[in-house]
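Reader: Hey, can you walk me through this one? I'd like to start with the empty space inside.

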Amino acid sequence: MLIKRNPNGIDLPFSSEITPQDVYEGRRKFIARMAATAAVGSGIWEMANREAMAQDGQKLAARRNAALSTDEKLTSFKDASNYNNYYEFGLDKGDPAENAHTLRTRPWTLRIEGEVRKPITLDIDSLLKLAPMEERIYRLRCVEGWSMVIPWLGYSLSSLLKQVEPTGNAKFVEFTSLADSKQMPGLRSGVLDWPYVEGLRLDEAMHPLTLLTMGMYGQVLPNQNGAPVRLIVPWKYGFKSAKSIVRIRLLSRQPRTAWNDSAPREYGFYSNVNPNVDHPRWSQASERRIGESGLFQPKRKTLMFNGYDQVSSLYSGMDLKRFF
């Protein structure tokens, strides 16, 4: 396998070396069947496993929101579902696709609480029905210097937050991901302080572009992409978009977040895509688009706010080098 060095010091495979979709899908199903067979006398596990696998590849209807979509060429589903950062399932780009079959996405509940008048707990079916589902084609920019273009399915996070009626004290929103060592082998790595936690200012969370996401490419989210519900904040680096969310809290103070806690000099709370603010160990002025030109992909210029200029008013008067 060809190996390259990730800026964080982790060896990662080139995207062209990652297991093809048809191969890993077959392997996942084989492993799931073997696990269910081995669990003699464990009817609950077998039932949960069958239900989780039944969701795999399920179609999800949505209407295209052209006003909030880019017309750039899509990244292939194969690349978008095989080249992932999801450290709960491993540190290499191909690990999530290989290992995330263990994630059980049903039953699933999401709790919304904190500085709200109406805290609620919703299951995944209630979330799917809460607002009309939209398809939005967004650019995705990773802090590591690569990018994709993906058709996500979901609706503005504001549709959910309005349901709980934030109080006047609510200034920030905290997102907590699932952390279950029985389902997530990567938790043993200790690379972060689990569970994975991310946060936004309330006005960022309420912006129409901030997408509560339950699908991609016309189907429910694959496990390795953050099933069954994740966040997409297209003008920020990808790690700001929490995956497999189990809790949302509205807070009066800025929350601590996983990467900012781990390396505050390298990963700021805001983490807006900004070609003028380099990572301490590499430039952010350019990026490579996954799927373009094989191993020697041409660099393209990184756009301020990843090209989403409509969010610039959120940061009027702020020093974006200080508040990176």
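Author: Sure, one term before we look: a cavity is a set of grid points where a 1.4 Å probe fits but cannot get out. Keep in mind that this is a predicted model.

Reader: Ok, so how many cavities of 30 Å³ or more does the structure hold?

Author: There are 2 of them. The largest has a volume of about 430 Å³.

Reader: Which residues are closest to the centre of the largest cavity?

Author: Those are N85, Y86, G238, F239 and K243, out of 28 lining residues. Sorted by class, the lining has 17 nonpolar, 7 polar and 4 charged residues.

Reader: And which strand gives the most to that lining?

Author: That's β7, with 4 residues.

Reader: New topic: what about the largest nonpolar core?

Author: That core has 79 residues, and L157, F175 and I248 are among those with the most contacts inside it. Strand β7, residues 146-156, gives the most here too, with 6 residues.

Reader: What does L157 touch?

Author: Leaving out residues up to four places away in sequence, L157 touches F175, A205, T210, L211, L212, L231 and I248.

Reader: Last thing, is β9 mostly covered or uncovered?

Author: Mostly covered: 5 of its 5 residues, 197-201, are buried. V197, G199 and R201 point one way, while E198 and L200 point the other way. In a regular strand, side chains alternate between the two faces of the sheet.

Reader: Which way do β8 and β9 run?

Author: They run antiparallel, joined by 5 bridges. One of the pairs is F172 with R201 in β9.

How values were computed:
Residues numbered from 1 in each chain as written. Predicted model: local features only at pLDDT ≥ 70, side-chain atom pairs only at ≥ 80, totals over all residues. Heavy atoms only, no water. Core = buried A, V, L, I, M, F, W, Y, C linked by side-chain atoms within 4.5 Å. Buried < 20%, exposed > 50% of the residue type's maximum accessible area, 1.4 Å probe, protein only. Helix = DSSP H or I, 4+ residues; strand = E, 2+ residues; numbered from the N terminus. Contact = heavy atoms within 4.5 Å. 1 Å grid on protein atoms, 1.4 Å probe; cavity = no way out; pocket = protein on both sides within 12 Å on 5 of 7 lines; lining within 4 Å. Points joined across faces, edges and corners; volume = space filled by probe spheres on them. Nonpolar A, V, L, I, M, F, W, Y, C, P; charged D, E, K, R; others polar. Pairing = 2+ DSSP bridges.
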